[in-house]
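Visitor: I would like a close look at one part of this model. Please take one helix, then follow what lies around it and along the rest of the chain.

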Amino acid sequence: MNGRQSINTNLRLKIVLGAARQLAIPLLAVLSAFIVGMVMVALAGFDPIKSFIALLDGAFGSGINFTETLVKSGPFLFTGLGVAIAFRSKSFNIGAEGQFYMGALAVSWLGVALGGLPAVVLIPILMVAAFVSGGIYGAIPGYLKARVGASEIVTTVMMNSIAVQFVNWIIRGPLQEPRHFYPETAEIAASAKLPVLIHGTRLHLGLFIGLAIAVLAYYFITKTVLGYQIRAVGSGPLAAEYAGIDIKRNIILAMAISGGLAGLGGAVELTGVTWKLYSNFSPGYGYSAIAVALLARRNPLAVILTSLLFGALATGANNLQRAAEVPAMLSSVMQALVIFFVLGYAVYEQWPRKGRGRPVPGPKAGTLAAAGSGESKGAGADD
């Protein structure tokens with residue numbers, strides 16, 4: 001083996017080991033969360049093995065259960081994609097919940113007002129309207145961050161409350177269903193509803209829309225100029241600015257796309273499952289999206305798998321309560337544990353570099369970065 005072949009072999013080995021490490025951390029986080037969750041179940045006086053089997057059976061034990069898991073995964077998929085895109089620009093979109101509501105609100109209104117249109121025309125209009133509605137709602141905190149330096153964490157959380165309260169008002173006022181019996185909107189027209197894919201289940205076309213959007217999001221963020229600029233802003237704003245990239249424009253754009261995807265999630269949930277908007281329309285999909293995106297390590301394709309995990313937890317929790325008599329709240333505890341362990345492993349990954357000063361190859365052979373130096377800090381970028 002000559003020198004060039006040896007270098008190529010070492011390079012391939014490093015790539016494989018790097019990919020294995022990227023995959024191992026989320027798996028360890030999930031495994032740790034399940035182990036701790038089962039310990040908590042045992043401490044509460046329940047059978048952990050029986051509970052674990054009930055959780056899996058509820059999520060994957062039959063065709064009906066599996067399709068229900070896919071249905072539950074849909075909102076996590078869209079909101080998780082949105083948060084992942086924002087993370088790529090180093091913007092923390094905590095407002096996916098509000099953007100989810102705004103997308104659903106636009107569809108609820110137009111799905112009734114334009115009910116005379118055929119499905120082939122109306123459904124695309126509703127999806128575009130939801131994307132634009134959520135996108136505008138996401139672009140506002142992006143604009144405030146880019147132009148006046150307002151923390152997007154604070155503004156997006158505040159806008160979540162505004163969106164939820166606005167919907168609570170509108171379902172009791174202008175858009176309340178005609179009979180005025182319940183605080184909810186009227187049901188959208190039949191032509192606005194997404195078709196069911198399997199008779200006897202709730203699995204609808206939104207599944208394929210979500211998968212297509214995930215592939216498009218991956219292509220956008222990895223293969224297009226705009227995606228590259230967003231990643232560059234997230235990896236190193238100063239370097240990106242020096243290269244001539246408009247930092248402010250890309251922050252606003254990333255937040256708008258992020259909000260649009262979350263809004264699209266609200267549209268798919270309304271047109272595929274609920275068909276109307278009501279109070280507590282979302283049980284917290286936008287907040288869970290943070291965990292979905294973190295667990296996927298901001299990769300749109302990996303979000304497909306992590307959203308399936310959260311969909312399975314949500315579906316399995318119901319069977320957990322019925323079969324093992326364990327409170328369904330345990331599912332929320334599991335999700336919280338996943339977030340905890342993902343963040344814990346992320347801190348662990350950074351610890352050797354910052355705390356111990358792991359050697360990092362420099363531009364010349366034999367050059368090592370000094371412990372805790374600026375060069376070693378910059379070596380952690382994964383983009």
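Guide: What follows takes helix 10 as the part to examine and then moves outward from there.

The model is predicted. The protein has 14 helices and zero strands. Of its 383 residues, 48% count as buried. Among contacts between residues at least 6 apart in sequence, 72% join residues at least 24 apart. The protein exposes about 18,900 Å², and 68% of that comes from carbon and sulfur atoms.

Helix 10 covers residues 247-274, which makes 28 residues. At 1.5 Å a residue the helix should span 40 Å, and the distance of 39 Å between its end C-alpha atoms agrees with that. Helix 10 is mostly covered, with 24 of its 28 residues buried. At the N-terminal end the cap is Asp 246, where a side-chain oxygen lies 3.3 Å from the backbone nitrogen of Lys 248. At the other end, helix 10 is followed by Trp 275, which has a positive phi near 65°.

Trp 275 also appears in the surroundings of Lys 193. Leaving aside neighbours within four places in sequence, Lys 193 is in contact with Ile 123, Glu 187, Ile 188, Thr 271 and Trp 275. Lys 193 belongs to the loop between helix 6 (152-170) and helix 7 (206-223). With one of these contacts, Glu 187, the side chain of Lys 193 makes a polar contact of 2.6 Å.

A salt bridge involves the loop after helix 10. Side chains of opposite charge can pair when their charged atoms come close. Lys 276 forms a salt bridge with Glu 184, and their closest N and O atoms are 3.2 Å apart. The pair links distant parts of the chain, with Lys 276 in the loop between helix 10 and helix 11 and Glu 184 in the loop between helix 6 and helix 7, 92 residues apart. Glu 184 is buried, because its relative accessible area is 14% and the limit for buried is under 20%.

The count of salt bridges comes to five. Another of them joins Arg 179 to Glu 177, with the closest N and O atoms 3.4 Å apart. The two partners differ in exposure: Arg 179 is exposed at a relative accessible area of 53%, whereas Glu 177 is buried at 4%. Lys 145 and Glu 152 form a further salt bridge, with 3.3 Å between the closest N and O atoms. Here Glu 152 is buried, with a relative accessible area of 6%.

Back in the loop that follows helix 10, Asn 280 lies between helix 10 and helix 11 (285-295). Most residues other than glycine have a negative phi. Asn 280 has a positive phi, near 60°. Its relative accessible area is 62%, so Asn 280 is exposed. Arg 297, also not a glycine, has a positive phi of about 55°. Arg 297 is in the loop between helix 11 and helix 12 (300-324), and at 21% relative accessibility it counts as partly exposed.

On the sequence before helix 10 comes helix 8 (residues 225-235), whose buried residues are Gly 227, Gln 229, Ile 230, Arg 231, Ala 232, Val 233 and Gly 234. Helix 10 is part of what covers these residues, together with elements including helix 3 (63-88), helix 7 and helix 9 (237-242). At the start of helix 8, a side-chain oxygen of Thr 224 comes to within 3.1 Å of the backbone nitrogen of Gly 227.

The last stop is helix 5 and the start of helix 6. A nonpolar patch on the surface is formed by Val 128, Phe 131, Val 132, Ile 136, Ile 140, Tyr 143, Leu 144 and Val 148, with about 710 Å² of accessible area together. One of these residues, Ile 140, is found in helix 5 (residues 119-148) and is partly exposed, with a relative accessible area of 37%. Another patch member, Leu 144, is in contact with Thr 155. Thr 155 is in helix 6 and is buried, with a relative accessible area of 12%. Leaving aside neighbours within four places in sequence, the contacts of Thr 155 also include Pro 141 and Ala 150.

Note on methods: Residues are numbered from 1 along each chain as its sequence is written. This is a predicted model: local features need pLDDT of at least 70, side-chain atom pairs count only at pLDDT 80 or more; totals for chains, interfaces and linings use all residues. Side-chain values use heavy atoms; hydrogens and water are left out. Helices (H or I, at least four residues) and strands (E, at least two) are DSSP runs, numbered from the N terminus. A polar contact is a pair of N or O atoms within 3.5 Å; within protein, one must be able to donate a hydrogen and the other to accept it, and residues adjacent in sequence count only if both atoms are side-chain atoms. Contact means heavy atoms within 4.5 Å. The expected span of a helix is 1.5 Å times one less than its number of residues. Buried means under 20% relative accessible area, exposed over 50%, partly exposed in between (1.4 Å probe, protein chains only). Patches are made of residues with over 30% relative accessible area and no salt bridge: like charges are joined within 9 Å, nonpolar side chains (Val, Leu, Ile, Met, Phe, Trp, Tyr) within 5 Å. Accessible areas come from the Shrake-Rupley method with a 1.4 Å probe; for residues, only the protein chains shown count as cover. A salt bridge is a side-chain nitrogen of Lys or Arg within 4 Å of a carboxyl oxygen of Asp or Glu.
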